[in-house]
Amino acid sequence: MAVHQAPLSSSSTNFNSAESSKVFMILVQVNPGETFTIRTEDGQVRCITGPAHVPMVSPNGTMPPIYVPPGYMSQVVEENGVRKVMVLPQTTEFHPSMPPPPPLHVPQYLPPHPAMLHQHHMYPREMPPHFMHQLPPPQMYSEQGECLPACPPQPALVPDSASGPPREDRASKSQDHLHRRLAASSSVRITRSPPPSPLKGPSPAPPNNGQNGQNKGLVTPAASPGPTKQKAPGAPSPSDTENLIQDVQCARNLSPVVSQCSIAMTDSGYPVLLSLSSSLMTFSSHRGLETTFTVEDLRPATAYYIKVCASCGSVKGPSSEVADFTTMCAPPEAPAPPRVILHSKSTLVLQWKAPNDNGSKITGYLLEFDEGKQSAFKEVYFGHAKQYKIVKLTPSTNYAFRIAAKNDIGMSAFSEVMTCCTAGSAPQPPAPPRLSASGVSWLTLEWNIPGGLTAGDTLTYTLEMEEEGTGYGFKPKYNGEELSCTLKGLRRSTSYRFRVLAANAEGRSQPSVPVEFSTTPDKPGAPGRPALRGRVQPRCLHTVWDAPKDDGGSPVTQYVLEMDNGWEVVYSGPLREHVCDSLKPGTWYNLRVYCQSAGGQSQASESLTVQTAPVPPGPCQALQLAGKARPRDIPLTWGPPLEDGGAPVSQYIVEMSDSTQGPHRTFYQGLETDCSACQLVPGHKYCFWVKAANQAGWGPLSEMYEFSTAPGPPEPCGPPQLAVKTPTCVLASWEVRTAAHIQIVQLSLICALLFWGATQAVNSVGAGPFGDVAMVTTPPSVPAAVRSVAVVGEDALAESLAGPASCLALRWEEPCSHGAEIIGYNIDFGEQVPISVGKTNHYILENLQPDTTYRVRVQAINGIGVGPFSASLKARTRPLPPEPPTLECAAAGPQSLKLKWGDGPSRGQLSGATQYCLHMQASADRLVCIYSGPCHTFKVQRLSEATVYQFSIQAHNEAGVGPLSPLYSFSTSRSPPPQLKAPRVDQLESNHYEVTWEALQSMRGDPIVYTLQLQRGRELEQLYRGPASSYKWHGVVPVCDWRLRVCAGRRCPDGVELWGPYSPSIALPGPEPPAASESVAGSRATSRDGVAPRKDRAITDEQFALLLLLGFAIVAILFAVLIQYFVIK
């Protein structure tokens, strides 16, 4: 067996260690003919038969200890960075110069250390005894993890699971006995203590073929001393076991001064075999030169069989006849504690089971108790029965009992102490409950503990309630151990009766005296909204309201009326009406009311918003001049009344009179506080009064105020005399008055229109009004110049242009005709004779030169003559539409065609540049536009291979859309085959390979051929070329860097071959090593034995893609969980 250790990277293992940054893989190599035993984590044992390689992981990065069997040694060898621990048989040579080995005894089975539970051990099938003296001392570990020296082997019978379940007390005694043996063997000195009893506990068994350290031995049942009929699977034969025990005993007594080839007399002895069966003697109890031997730790009253023989080294003489003996009887074992099957206030009934009698029949049982005083035990019963009734006991008292058994040999030890308690009595009636707190819908009650209780007695209380008027009686409302309870969900202002009961484990007490308690009333509901009784008065309000719908269980005692002047209380009493006086006319008031009762104060009612009735306003403030008085008017202003009567002023009236005694006349009525008295006589006095009104009526007149007008200008003059001289000249004359200056006002003078004029007189005060107007008519003249001549587009005209490049559309506004109707227009646009048109405001100039600038003028014509020309307008005609460019095929593919036209860039740069529209023929008479834009190239996608397509192109710009080009024909090319997957290489025999690859279907009838290449470093060699999808390769010795790849080709009808890309390369497998051949042979041998050999398979590309997809999905889910936990939350 060889153990290989090599470091692993963190990406190849899932184990991580806090003590070391490396994880080691341990490879256990099991040689042919050996068996490697592994105990898994779930406790199962797995045996692996060589040849095999068992991989194991070292979690802490260190080489685990290898437990070697007797006769073997471990040796560490490092080759190419890999450490190997070789477990090999020891050599038979012995050198006297070597120091003598200590007389150690290697145990047949070493329990693993708790820290090394994941490491397993391997033992070979054979253990030669002459190699045991050179073994290194192994270490043993106790259950606490402490290192202990090796323990000498002690032969013992090992119980088997098939012989029946072991008893718990014997298992615990066996563990204690094993601990004492480990503590006693702390020194290196060899002790020859007698062997333990075969039935006192398990001890290590000799090694077993096929199990390697697992305790699989013969078992003798503990219940019957008769012969054993069953044999555990994998157990050695009796003769093999005897030989193995003799060899081990002989190895223990080797002297360091004796050479390998000589045997001293100290190697002789008398092995004694002891067993419970007369037909099977397999376990040694003593070995030495003495002829007497004392056997201890045997079972009482049990038959044993023994025989002896003489031995010297590995040579053993014949055994003697089997002798038998029977051990003596003993007192019984300690019985189990008694148990209670019935108890009352003064009696207890106990029962117990009979213990092991140890060969002598039990004659009686002794029962003792402590009289309930926790003092010394006193006998209460002695007899043959297994049940006893103790009477006249104290209620609710703890008693302790123990029992012992007796036979003819003696009395056994007492059992463990059992404690039990007698029953008690029901409690006394408690006192009546008392009220702790009360509410509208709840009551809190308390009560006291009843008297006459003993210490440790637990009581449960039941509170019962009776509601008056229901007739259901008392009903339980609470059950528990607390001394208080709050009852909720009760009715307000209602009386309830209560009583309480106490109970313990023995029963319930009588109920207490009933008591009566009541819940408190609730506060009343809100009263009704206040309302008005009668008409609204200017200075008082008569208010009434309704009682609340819910009085809360008690009558209302008081109502409170509040007003919104800081919610001032205006009334408090039992009545439900009140008259609020001393109010202001036309003022808004808010009123609300709430009530009070024994339950408290209610919520306020809804508010009533009401306004008192208004009154007419008071007198207005004094009249004043709003400015300087004028000869014909006086501006006046005044202030509003100081008291508006509770309503806003809606209008004012101003009255005037020529004298204080004269009649009043109204000259102004409105809402404004200023006005003007007009049409007055200059230099005269007038009297004025003002009054205001609101919705209640008119207020009184203000005081009288007098104001005078200012002096005025002279009277108006008569009309002037007008005489026409020319179409644009009129002569005016008027009468001159004394002490006045005449002013002529003239607005305008236009041909063929009415001309008017007026005169005005001026004195020291100012200018008087204008006199009557005189009118005269002027003669007509030629029209005025045309204005707003402009070029318009085709969309502004009702008719379309014949050719945008050779036409100009003009529009102008009609000028003034000067008294004669316009009959036509002249249009001048160059050196030619002007064009005459009729009475219109637009015209289209045709047959012009494209892309040429013209100067256009327009003049109007009427019956008098020709008017002046308009201002010159520069207009330019449009250029001609572009011609279609030449269409070319820049690149042709199996499913696409890249077309090119013109010499511009591949991408359009200016939005106003020439645009192109590319058409493809969809049928014989239909073209489909596949591209429109400024680019000069376009790639047509989704075409069929080896197919001819026809295209046409046209260009358009601001001048218009150009003509279509003739049809151009272009053809797509043929597509090469796709890339193949990596080929598969199978080794049929030595230096004989078969290479296979996937086969492709023919492409549009073209056959598919394949090329297989061999890569030797940088050199390439073609191995095969043809239509087959496999190739057999004979007589070649591959090298580790040889790789194979394959590609597919399409053979076209014209003889041209289109080759696709090469597939990924695959390494050529090398020759199989001898070890692998042996492994194959071993696996075939295993399959012949019925176990199918395991065959490793390489995952396919689909499986690898699926694993990669699952890995990405798991990483995405982890990132989502981290973002949800750390970022969002």
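The accessible surface of this chain adds up to about 65400 Å², and 53% of that belongs to carbon and sulfur atoms (Shrake-Rupley method, 1.4 Å probe; for residues, only the protein chains shown count as cover). Keep in mind that this is a predicted model, where local features need pLDDT of at least 70, side-chain atom pairs count only at pLDDT 80 or more, and totals for chains, interfaces and linings use all residues. Residues are numbered from 1 along each chain as its sequence is written, and side-chain values use heavy atoms, with hydrogens and water left out.

**Overall build**
- The chain has four helices and 77 strands, taken as DSSP runs (helices: H or I, at least four residues; strands: E, at least two) and numbered from the N terminus.
- Of its 1129 residues, 36% are buried (buried is under 20% relative accessible area, exposed over 50%, partly exposed in between; 1.4 Å probe, protein chains only).
- Among contacts (heavy atoms within 4.5 Å) with a separation of 6 or more, 62% are between residues 24 or more positions apart.

**Arg-1050**
- Arg-1050 sits in strand 75, residues 1042–1051, and is buried, at a relative accessible area of just 1%.
- Its side chain makes a polar contact of 2.8 Å with the side chain of Glu-945, and another of 2.8 Å with that of Asp-1006 (N or O atoms within 3.5 Å; within protein, one must be able to donate a hydrogen and the other to accept it, and residues adjacent in sequence count only if both atoms are side-chain atoms).
- Beyond four places in sequence, Arg-1050 also touches other residues, including Arg-974, Met-1003, Ile-1008 and Leu-1058.

**Arg-46**
- Arg-46 belongs to strand 4, residues 45–49, and counts as exposed at 54% relative accessibility.
- Leaving out neighbours within four places, Arg-46 contacts Phe-36, Thr-37 and Ile-38.
- Phe-36 is ten residues away along the chain, with 8.3 Å between the two C-alpha atoms.

**Cysteines**
- There are zero disulfides here (cysteine sulfur atoms within 2.5 Å).
- The sulfur of Cys-675 has its closest cysteine sulfur in Cys-678, but at 8.8 Å that's too far for a bond.
- Cys-675 is buried at 10% relative accessibility, and Cys-687 is buried too, at 3%.

**Nonpolar patch**
- Ile-1099, Phe-1104, Leu-1106, Leu-1107, Leu-1108, Leu-1109, Leu-1110 and Phe-1112 form a nonpolar surface patch, together giving about 840 Å² of accessible area.
- Leu-1106, one of the patch residues, lies in helix 4, residues 1101–1128.
- Patch residues have over 30% relative accessible area and no salt bridge, with nonpolar side chains (Val, Leu, Ile, Met, Phe, Trp, Tyr) joined within 5 Å and like charges within 9 Å; a salt bridge is a side-chain nitrogen of Lys or Arg within 4 Å of a carboxyl oxygen of Asp or Glu.
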